[in-house]
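Trainee: Could you pick one part of this model and take a close look at it with me? I would like to see how that part sits in the whole.

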Amino acid sequence: MVELAQRRNFHPKIRYSVANIEDWSTIKHWKGQITKMVSVYCFHWLTDQRKGFQNVYHLLNPGGQAAILIVTGTPLASAVSEMQNNPKWNNFLKGIDTYIKGYNHSKFNTSFYSKILGEIGFEILHCKREVKNDVFVSEKQYRDFFTSICVSTSHIPVDRKKEFLNEFFETLDRHNGRNVNELPVHRGRIMELVIRKPVNKI
């Protein structure tokens with residue numbers, strides 16, 4: 001993704017870097033230097049979100065702010081889980097990490113995040129969970145997007161990938177649904193956070 005960004009969105013004032021927000025050793029050289037941080041649909045991939053938030057706190061300078069969007073519920077998780085438990089595909093998918101642990105847990109609500117962020121020391125400027133319905137403009141856009149984030153696909157033999165994906169999208173359709181125009185829709189629960197490191201903290 002970074003290589004793609006460098007090619008398509010090069011600018012002399014933009015620097016692309018790869019790091020792991022859960023691993024302080026990869027980001028410590030930016031400690032206290034970040035004024036604004038934006039994270040769009042990334043935190044739900046983390047194994048330890050608390051550690052991610054703690055590291056965000058250490059990266060921000062006093063008064064620095066972060067805006068973070070987190071998916072806390074998505075039909076994708078239900079579809080992936082159903083495919084993983086399907087006897088037809090279970091041998092290929094058994095035991096693999098599908099990165100859906102952070103999805104579909106009712107505990108991931110405003111109280112859950114307010115408590116974690118408050119304990120770390122953040123000022124919470126905005127904390128809201130809402131359901132968003134994103135309509136895809138075409139079948140291709142829908143399939144391209146979910147194929148790109150479905151980790152399971154890479155574990156299926158090449159000669160059976162097409163069959164797997166067809167069944168995956170049939171399953172996803174059952175959980176996701178379509179709008180009145182029969183366009184595919186993604187209905188996800190999204191947590192919106194805007195947080196600030198207090199001015200008097202270092």
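Mentor: Let's begin with the vocabulary: helices (H or I, at least four residues) and strands (E, at least two) are DSSP runs, and they are numbered from the N terminus. The model is a predicted one, in which local features need pLDDT of at least 70 and side-chain atom pairs count only at pLDDT 80 or more, while totals for chains, interfaces and linings use all residues. Residues are numbered from 1 along each chain as its sequence is written, and side-chain values use heavy atoms, with hydrogens and water left out.

Here is the setting. The protein has seven helices and four strands, in the order α-β-α-β-α-α-α-β-α-α-β from the N terminus. Its C-alpha trace spans about 55 × 40 × 35 Å along the principal axes. Buried residues, meaning those under 20% relative accessible area (exposed is over 50%, partly exposed lies in between; 1.4 Å probe, protein chains only), make up 37% of the 202 residues. A contact means heavy atoms within 4.5 Å. Of the protein's contacts with a separation of 6 or more, 77% are between residues 24 or more positions apart.

The part I would choose is helix α5, residues 110-120. Which of its residues are buried? They are Tyr113, Ile116, Leu117 and Ile120. These four lie on the same side of α5, because they cover an arc of only 90° around the axis, where the arc is that of the directions from the helix axis to the C-beta atoms. An α-helix has 3.6 residues a turn, so residues three or four places apart point the same way.

On the face of α5 turned away from that buried side you will find the exposed residues Ser111 and Lys115. And what does the buried side pack against? The partners are helix α2 (49-59) and the strands β2 (60-73), β3 (123-135) and β4 (185-196).

The two ends of the helix are worth a look as well. At the start of α5, a side-chain oxygen of Asn109 comes to within 3.2 Å of the backbone nitrogen of Ser111. Ser111 is also one of the exposed residues on the outward face. After α5 comes Gly121, with a positive phi near 120°.

Now follow one of the partners, strand β4, away from α5. His186 has its place in β4 and is buried, at a relative accessible area of 11%. The side chain of His186 makes a polar contact with the side chain of Thr74, at 2.6 Å. A polar contact here is a pair of N or O atoms within 3.5 Å; within protein, one must be able to donate a hydrogen and the other to accept it, and residues adjacent in sequence count only if both atoms are side-chain atoms. Apart from neighbours within four places in sequence, His186 touches Thr74, Pro75, Lys132, Asn133, Asp134, Phe136, Phe146 and Asn176.

Pro75 in that list leads to helix α3 (75-84), since it is among the buried residues of α3. This helix is mostly covered, with seven of its 10 residues buried. The others in the buried set are Leu76, Ala77, Ala79, Val80, Met83 and Gln84. Their cover includes α4 (87-93), α6 (139-149), α7 (161-176) and β4. Strand β4 therefore appears twice in our tour: it packs against the buried residues of α5, and it is part of what covers α3.

Finally, a few places elsewhere to compare with your view. Ser39, in strand β1, is buried at 8% relative accessibility and touches Ala67, Ile68 and Leu69, leaving out residues up to four places away in sequence. Tyr41 sits in the loop between β1 (34-40) and α2; its phi is positive, near 55°, although it is not a glycine, and at 30% relative accessibility it counts as partly exposed. Glu182, in the loop between α7 and β4, is another non-glycine with a positive phi, about 65°, and it is exposed at 55%. Ile14 lies in the loop between α1 (2-8) and β1 and is partly exposed, with a relative accessible area of 43%. From Ile14 to Ile156 is 142 residues in sequence and 37 Å in space, C-alpha to C-alpha.
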